[in-house]
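This report describes selected features of one structure. Please look at the sequence and the model first.

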Amino acid sequence: MRLSRYFLPVLKENPAEAQIVSHRYMLRAGMIKQQAAGIYSWLPLGFKVLRKLENIVHEEQQRAGHIPLLMPTLQSADLWRESGRYDDYGEEMLRIKDRHGRDMLYGPTNEEMITDIFRANVSSYKDLPLTLYHIQWKFRDEIRPRFGVMRGREFFMKDGYNFDLTKEDALHAYNRHLVSYLRTYERMGMQAIPMRADSGPIGGDDTHEFLVLADTGESEVFYDSAVTDIRLGARDINYDDKAQCQAIMEEFTALYARTDETHDEALFNQIPEERRRSARGIEVGQIFYFGTKYSEPMGATVQGPDGKQVPVHMGSHGIGVSRLVGAIIEASHDDKGIIWPEGVTPFHCGIVNLKQGDEAADAACDKIYAALTAVGLDPLYDDTQERAGGKFATMDLIGLPWRITVGPRGLKNGVVELTSRRSGESVELSPEEAVKKVA
Ligand code: ATP
Ligand code: MG
Ligand code: MG
Ligand code: MG
């Protein structure tokens with residue numbers, strides 16, 4: 001993409017309404033625009049990152065054997081009356097009447113709808129196990145939307161639902177989700193720690209939240225510092241292997257890590273003192289096992305091997321995709337701007353032309369652009385007339401991992417400058433070598 005043809009409305013000044021760094025940088029980098037409290041347009045740069053996260057979530061869910069579908073944002077209140085949650089859910093649910101006076105709602109989550117889809121179409125244990133998921137906009141009328149996309153009212157969430165014959169199978173689905181979530185966050189360049197949590201209005205016994213440690217997080221967390229040393233890394237995972245998924249779940253949840261809702265001071269004090277940590281965290285996902293809480297009242301049963309009808313065991317599993325955009329920035333930035341992890345960056349490399357209109361510089365930039373594109377990378381070429389300082393400031397703000405700076409003086413010696421956004425280090429290289437390093 002050439003910047004002169006792109007839409008990147010960067011702001012020079014810090015917007016007064018932004019209290020935390022991710023919100024500030026998302027506004028300044030022209031990623032989002034607020035349309036109403038907690039409701040945002042995703043401008044091209046922000047939309048690109050959101051799509052990247054969405055793709056990673058899809059890939060990792062499908063790798064785990066989970067099947068994508070798409071449910072609508074608007075739901076009929078009747079389904080929620082069946083589960084009893086229409087009255088229970090409270091003020092966070094946006095309730096709407098259609099022209100015929102029917103009660104509708106903008107879905108805050110989809111347990112009822114997916115259970116309805118299941119009961120209409122599945123009747124035998126032979127069709128299990130089954131896990132369906134979608135990535136769709138949700139609405140929760142948060143009392144205090146704040147911190148930009150971190151606590152929006154309309155937000156983008158992956159929610160998946162497993163249907164199993166037995167509790168044991170449903171717990172395997174739980175473990176599968178835990179492992180696939182760990183992979184997902186690691187691919188996004190993030191560490192999200194599974195912590196024992198409280199199940200809230202979803203209900204259920206077993207639940208973990210995934211938390212990214214950050215001072216601006218809204219959750220209070222307590223953990224053994226040794227949990228931050230565990231990584232999934234590039235292990236081979238067989239999602240059908242119950243024992244392997246169980247072992248990974250145990251490995252990641254054995255050490256003390258809890259949110260304030262389930263914090264237990266006595267247990268916490270058993271950790272060696274130098275490893276006890278209390279901190280703040282951002283909730284970027286949560287998994288639940290809740291058994292027959294929805295299948296029973298809504299009649300989602302299957303015929304078991306013995307011919308008897310039994311309600312299915314279920315769980316639901318969410319990832320806050322739009323919140324993650326903010327969480328990644330909270331975890332990865334400096335005083336000049338965002339520092340995108342390679343896996344989620346909106347463009348792979350910036351090209352800065354120090355003297356637009358200089359024949360040699362223009363030609364060298366075009367060549368580098370073509371070479372990067374040819375190897376499948378997505379460069380952003382600043383071909384505007386802006387002075388060098390302004391171009392650098394914009395590149396630092398939008399946080400691409402690499403910048404190639406091209407000017408007539410360097411070109412006389414056959415070199416361009418390659419700069420790493422994360423380390424700030426620059427090296428002079430031939431254009432070909434610079435492209436090779438980025439690729
Ligand atoms: P929170 O405790 O932050 O209110 P939650 O526990 O109510 O979140 P869940 O029902 O567990 O949320 O939804 C799954 C995920 O959706 C959360 O882990 C979070 O990442 C994301 N999420 C929830 N509410 C919001 C929101 N208002 N804005 C952006 N993302 C959200
Ligand atoms: Mg909430
Ligand atoms: Mg929560
Ligand atoms: Mg939650």
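## Magnesium site

This is a predicted model. In it, Gln-286 is buried, with a relative accessible area of 10%. Gln-286 (OE1) and Glu-283 (OE) are the protein donors of the magnesium ion (ligand 4), and they lie 1.9 to 2.2 Å from it.

Glu-283 is partly exposed, with a relative accessible area of 26%; this value is not under the 20% that counts as buried. Glu-283 also bridges the magnesium ion (ligand 4) and the magnesium ion (ligand 3). The two ions lie 3.2 Å apart.

## Aromatic pairs

A pair of aromatic rings is described by the distance of the centres and the angle of the planes. The whole structure holds 12 aromatic pairs. One of them joins Tyr-106 and Phe-139: the ring centres are 5.4 Å apart and the planes stand at 45°, so this pair is tilted. It links distant parts of the chain, since Tyr-106 belongs to strand β6 (residues 103–106) and Phe-139 to strand β7 (residues 130–139), with the two positions 33 residues apart in numbering. Both Tyr-106 and Phe-139 are buried.

Tyr-181 and Tyr-185 form an edge-to-face pair, with 6.2 Å from centre to centre and 85° between the planes. Both residues lie in helix α6 (residues 167–187), 4 residues apart, which is about one turn of the helix. Tyr-181 is buried, with a relative accessible area of 0%, and Tyr-185 is buried at 1%. Ring pairs join Tyr-181 and Tyr-185 with Phe-210 in a cluster.

## Charges over rings

Which residue lies over the face of Phe-347? Lys-48 does, at 4.0 Å from the ring centre. Arg-95 lies over the face of Tyr-86, at 4.7 Å from the ring centre.

## A sheet of 3 strands

Strands β4, β6 and β5 make up an open sheet in the order β4-β6-β5, and the pairing is antiparallel. β4 (74–76) and β5 (94–97) are the edge strands; each has a single partner strand, so one side of each has no neighbour in the sheet. On average, neighbouring strands of this sheet are turned by 35° against each other, direction ignored.

The antiparallel pairing of β4 with β6 runs over 3 bridges. Gln-75 has Leu-105 in β6 as its bridge partner. Strand β6 also contains Tyr-106, the residue whose ring pairs with that of Phe-139.

Technical notes:
Residues are numbered from 1 along each chain as its sequence is written. Chains are lettered from A and ligands numbered from 1 in the order in which they are written. This is a predicted model: local features need pLDDT of at least 70, side-chain atom pairs count only at pLDDT 80 or more; totals for chains, interfaces and linings use all residues. Side-chain values use heavy atoms; hydrogens and water are left out. Rings of Phe, Tyr and Trp (its six-membered ring) pair if their centres lie within 6.5 Å; planes under 30 degrees apart count as stacked, over 60 as edge-to-face and the rest as tilted. Buried means under 20% relative accessible area, exposed over 50%, partly exposed in between (1.4 Å probe, protein chains only). A charge sits over a ring if NZ of Lys or CZ of Arg is within 6 Å of the ring centre and within 35 degrees of the ring normal. Donors are N, O and S atoms within 2.8 Å of the metal (3.2 Å for Na, K and Ca); water is not among the atoms, so sites may look incomplete. Two strands pair if DSSP finds at least two bridges between them. Axes are lines fitted to C-alpha atoms, for helices over the stretch in contact, and angles run from 0 to 180 degrees between N-to-C directions.
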